[in-house]
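The following exercises are to be worked through with the sequence and the model at hand. Each task is followed by a solution in steps.

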Amino acid sequence: MSTHIDSFAPLVNGKAVDLSSLPLLAAEALASGIGEGIGKGKRVIAYFGTNYEGIAGGRGIGLVAVLADDAANGLVAARTLPVEGGFPSIATAFPQVQLFEREIAEQYGLVPEGHPWLKPVRYHHSWTESDAWGRDRHAPIPPAVGDFYRVEGDEVHEVAVGPVHAGIIEPGHFRFQCHGETVFHLEIALGYQHRGLEASLAGKPAGLPGNRSMRLAETIAGDTSIAHATAHAQVHEALAGARSSPRADTLRAIALELERLANHTGDLGAIAGDIGYLPTSSYCGRIRGDFLNLTAILCGNRFGRGYVASGGVDHDLDEAERGALLSRLAAAEKDVTVAVSLLWDSSSVMARLEDTGRLTREVAVELGLVGVAARASGLARDARADNPSGIWRFAHVPVATAESGDVLARAHVRWLEIQRSIAFIRERLEGMPGGKARNPVGAPAASRLVVTLVEGWRGEVCHVALTGDEGSFLRYKVVDPSFHNWSGLARALRGQEISDFPLCNKSFNLSYCGHDL
Amino acid sequence: MIDTIIRFAFLLLVPPLMLGLINRVKSVFAGRKGPPLLQSWRDIVKLAGKGIVLSSTTSWVFIAGPAVTLAAILVAGSLVPYGPFRSPFGFAGDLVLFAYLFGLARFFTTSAALDTGSAFEGMGASREVTFAILSEPAFFLSLLALARLSGALDLNGLLLGPEGGFSTATAAPLVLVGLALGIVLLAETSRIPVDDPNTHLELTMIHEVMVLDHSGPLLGAVLYSAALRLFVLSSVLLHVVMPFRIGVAALDWILFAAGLAGISIVIGVIESVMARFRMGRVPWFLTGALLCAGSAFVLLVR
C-alpha cells in the first residue's frame with residue numbers, strides 16, 4: 001500500500017519554505033496522494049501547474065498541490081516532476097478537484113485523463129504551446145460557447161440566463177435544464193471577467209517598492225480587497241522573512257472584519273429584497289454604507305483600497321479615529337440588529353427561506369466548499385480558527401455554523417458573524433497594541449514556496465507563490481472562495497424551483513471576477 | 001349625466017394614482033420619501049412619446065397583446081358600478097362578459113408573451129395561466145354567490161345588493177366572498193405575496209416577465225392596463241367590504257375615492273410587511289380563495 005500523502009511536506013500558513021523541501025512526485029503519485037488526503041479528511045485548497053523554467057536546472061511544467069487539514073490545523077503540499085501531455089484525473093472520485101484540473105488543462109494544455117466534464121474554465125488561450133482541446137492558437141475563443149449538459153425529453157426545456165443580467169451585476173451564463181418549474185440541472189459558465197491576473201503577477205519581482213502587485217491583489221475581487229491584499233502582503237512578508245507588528249496585524253484584522261460586516265449586511269438586505277421584504281432590504285442597504293464608512297475612517301477609502309501594505313498597513317490609527325470607530329460601530333450595531341431582527345420575526349420570511357436551496361453536509365464536503373456556504377451546511381471551516389495568521393493566532397472568534405444548509409442557514413450564519421465581528425472589533429479597538437504600523441520588508445528570497453490563507457467574508461482566500469532564482473514570482477496562484485463554491489450553488493439548485501434561483505444565488509453571493517481572475 | 005362623466009373620469013384618470021399611493025405607502029415603510037403620486041402617470045406619458053422596438057421574431061400578436069388587453073379592461077371597467085353609481089351599460093348576465101373580458105385580456109397577454117419565443121416569457125405565460133385556473137373559478141364563484149345573495153344577474157344589481165343593502169344574516173358568506181375577492185385582487189394585479197411588481201429577477205416574475213419585450217407606447221399600455229385592472233377589481237371588492245352609501249352624490253364620490261385609497265394603502269402595507277410566497281405555494285393561496293368563494297356559495301344554496 002503506497003501512502004503518497006505521507007510524503008507531502010507540512011506547511012504553515014504564511015511561512016515560506018524552500019522549494020526543494022517539497023517532495024517531487026510523479027503525476028500519478030501526486031494524484032493518488034491527493035485522493036488519499038481527501039479520504040483522510042483533508043481538502044484541496046490549491047492545485048495548479050507551474051513553469052519550472054526559472055529555477056536552477058528546472059524545465060517543463062510541473063503540478064503543485066496544497067491540501068488543508070482543518071482538524072490538525074496544518075497544510076501539506078507536494079509537487080510533481082515535469083509533466084508531459086497529460087496527467088491522471090481524479091475528478092470522478094473527488095469532485096472538489098474537477099475545476100482545478102480543468103484550470104490546469106486550460107492554462108498549460110495538459111490533459112487530465114479521464115476527466116468527466118473537461119471544459120474550459122475561463123475561455124482563454126493556453127499559456128504554453130499546447131492546447132488541451134487542440135484549438136487554433138490564433139483563433140478567438142468565444143466565452144461560454146461549447147457543450148452544455150443536456151437533459152433530453154419532450155417535457156424538458158432549457159432556460160439560458162445571462163451573461164447580461166437584469167440587475168447591475170457581473171456577467172455569467174447559467175444554463176438550466178428544467179421540467180416545468182423544477183430544475184434538473186444547472187450548469188454555470190463563467191470567464192467573462194478574465195483579465196489575466198495570475199499571468200500578470202508571474203515574473204514580477206515580489207514585494208519591492210513601487211510594485212503594482214498590491215494594487216492588482218486588491219482588485220482580485222473588488223468586494224474582498226482587504227482579504228486579498230492581506231494574503232498578498234503576507235506573501236511578501238514571508239518571502240522576505242519580515243513580519244508585521246501586532247498593531248498592524250490588529251488593524252488588518254479590524255479592516256477585514258469591517259469588510260465582512262459591510263458585505264454580510266448588504267447580503268442580508270439583498271436576500272430580503274429578493275423575496276420582496278421591503279424593510280430589511282432598505283435598511284440594510286443604508287447600514288452597509290455605514291460599515292463602509294467605518295472602513296473609510298480606518299484608511300480613507302470605503303472599500304479598503306490602499307490600506308494593507310507589505311509589512312503592515314499604510315495608515316496608523318490615531319486616538320480620534322479610534323473613538324470615532326467605536327462610537328459609530330455602536331450606532332451601526334443598534335441599527336443592524338433592528339433591521340435584521342425584522343427578518344427572523346416575520347413568519348412569511350422564514351417560510352420563504354426555509355428549505356430553499358438545501359445543500360447537505362455530505363455534498364459540501366464532497367465539493368470542498370468553504371466560507372459561509374460550508375459553515376451553513378454544518379462544516380466548521382474557518383481559516384481564522386483552523387489555519388490562523390496575523391492576529392488570529394492570538395485572538396479567537398467563535399466559528400458560526402448552522403446545520404440545515406438552506407438559504408435560511410446561510411442568512412443566519414451571516415447574522416451570527418455580524419454579531420461576532422462587531423464584538424471582535426470592539427475588543428480589539430479597546431486594547432490596541434503598540435508598535436509601528438509598518439515594518440520594512442526586504443528583498444524576497446529565491447526558490448521559495450509560500451501559502452497564505454485569509455478568511456475573507458465570502459470564505460477562505462488562498463494565495464500561493466513560488467519564487468524563481470531571481471526572487472521574482474515564478475508562479476502566483478490565487479484561489480478565491482468563489483472558485484470552490486460556484487459548484488455548490490449549481491448543486492443547491494437541483495430539484496429546486498427555478499424561481500428560487502435568484503434567492504439561492506444571493507445566499508451564496510459569489511464573485512465572478514474572483515473566479516475569472 | 002354628470003355622474004356618468006365622473007364615472008369615466010374616474011375610470012380613465014384614477015388608476016395610476018392608486019399605483020402611486022401604493023408606492024408611497026411602501027416608501028414610508030422602507031424609510032424613504034418615495035416617488036410622487038403622479039409618477040405612474042408620468043411614466044405612461046413618457047412611454048407614450050417613445051419609439052417601439054420590435055423583435056424580428058414577433059408577429060402582429062405581439063402588438064395586439066397590449067392593445068386588446070387595454071381595450072378589454074376598459075370595457076370591463078365600464079360595466080361595474082362605482083360606489084352607488086350604476087353602470088350605464090349593465091344588462092342581465094353581464095357578469096359573464098365581465099369575467100371573460102379579463103379572460104380575453106389574459107389570453108392576449110400570454111399570446112403576446114409566447115409570440116416573442118423567449119424562454120422567460122414562455123415561463124411567465126405558463127405561470128400566469130396555471131394560476132388563472134384557480135383564480136378564475138374563485139372570481140366566478142364569488143360573483144355567483146353575490147348573484148344568489150342579491151337575486152340579480154347583472155353587475156349593477158348583484159354588486160349594489162338588494163334594496164336597503166345586504167341583510168346581516170348574510171354576513172358570513174359576504175365575509176368569505178370578501179376574502180376570496182381580496183386574494184383574487186392580489187393575484188390578478190400581480191402584487192406581493194403572489195408576484196413582486198418591483199423585482200428585476202426574470203426567473204421569479206409572473207406578470208412582469210411576460211411584458212419584458214414590450215417597449216414605448218406598448219409598454220405604456222401594459223402599465224396603464226395593470227393600473228386599470230387594479231382599479232376595476234378594487235371597485236368590485238369595495239362593494240363587498242364597504243357597502244355604505246350616503247345618498248348625496250358628491251359625498252358618495254368622495255367615499256368611493258376614499259375606499260380606493262384605503263385598498264391601495266392596505267395593499268401597500270401587505271407588500272411592506274410580508275415576503276413573497278415561493279412559487280409553489282401560490283396555488284395554495286389561490287385555492288384558499290376558491291374555497292372561500294365555494295363555501296360562501298354553499299352557505300347560500302344549502
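**Exercise 1.** Determine which residues of α5(B) meet which residues of α6(B), and describe how the two helices are oriented in this predicted model.

*Solution.*
Step 1. On the side of α5(B), the residues in contact are Leu95(B), Ala99(B), Gly103(B), Arg106(B), Thr110(B), Ala113(B) and Leu114(B). They face a set in α6(B) that includes Glu121(B), Ala125(B), Val129(B), Phe139(B), Phe140(B) and Ala147(B).
Step 2. By character, the residues of this contact are 11 nonpolar, 4 polar and 4 charged.
Step 3. Helix α5 covers residues 94-115 of chain B and helix α6 covers residues 119-150; their axes lie 10 Å apart, at an angle of about 180°.
Step 4. Because angles over 145 degrees count as roughly antiparallel, α5(B) is roughly antiparallel to α6(B).

**Exercise 2.** Characterise the fold of chain B as a whole: what is its secondary structure, and how does its radius of gyration compare with the globule rule?

*Solution.*
Step 1. Chain B has 12 helices and 0 strands, so every element in the run from the N terminus is marked α.
Step 2. The radius of gyration of chain B is 19 Å, and the globule rule gives 19 Å for 302 residues; chain B is therefore as compact as a globular protein of that length.
Step 3. The C-alpha trace of chain B spans about 55 × 40 × 40 Å along its principal axes.
Step 4. Of the 302 residues of chain B, 54% are counted as buried.
Step 5. Considering contacts in chain B between residues at least 6 apart in sequence, 79% connect residues at least 24 apart.

**Exercise 3.** Give the strand order of the open sheet of 3 strands in chain A, and explain why β9 and β11 stand at its edges.

*Solution.*
Step 1. The order is β9-β10-β11, with antiparallel pairing.
Step 2. β9 (156-161) and β11 (182-189) each have a single partner strand, so one side of each lacks a neighbour in the sheet.
Step 3. From one strand to the next, the twist averages 20°.
Step 4. β9(A) pairs with β10 (residues 173-179) of chain A over 6 bridges; Val159(A) has Phe176(A) in β10(A) as its bridge partner.

**Exercise 4.** How many residues of each chain take part in the contact between chain A and chain B, and which elements of chain A contribute two or more?

*Solution.*
Step 1. The contact joins 26 residues of chain A to 24 residues of chain B.
Step 2. In chain A, the elements giving two or more residues are β9, α7 (278-299), α9 (347-353) and α15 (501-508).
Step 3. The chain A side divides into 13 nonpolar, 8 polar and 5 charged residues.

Note on methods
Residues numbered from 1 in each chain as written. Chains lettered and ligands numbered in written order. Predicted model: local features only at pLDDT ≥ 70, side-chain atom pairs only at ≥ 80, totals over all residues. Axes fitted to C-alpha atoms, helices over the stretch in contact; angles between N-to-C directions. Helix = DSSP H or I, 4+ residues; strand = E, 2+ residues; numbered from the N terminus. Parallel < 35°, antiparallel > 145°, perpendicular 65-115°, else oblique. Contact = placed C-beta atoms within 7 Å. Nonpolar A, V, L, I, M, F, W, Y, C, P; charged D, E, K, R; others polar. Pairing = 2+ DSSP bridges. Rg over C-alpha atoms; globule rule 2.2 N^0.38 Å. Buried ≥ 20, exposed ≤ 12 C-beta atoms within 10 Å, placed from the backbone.
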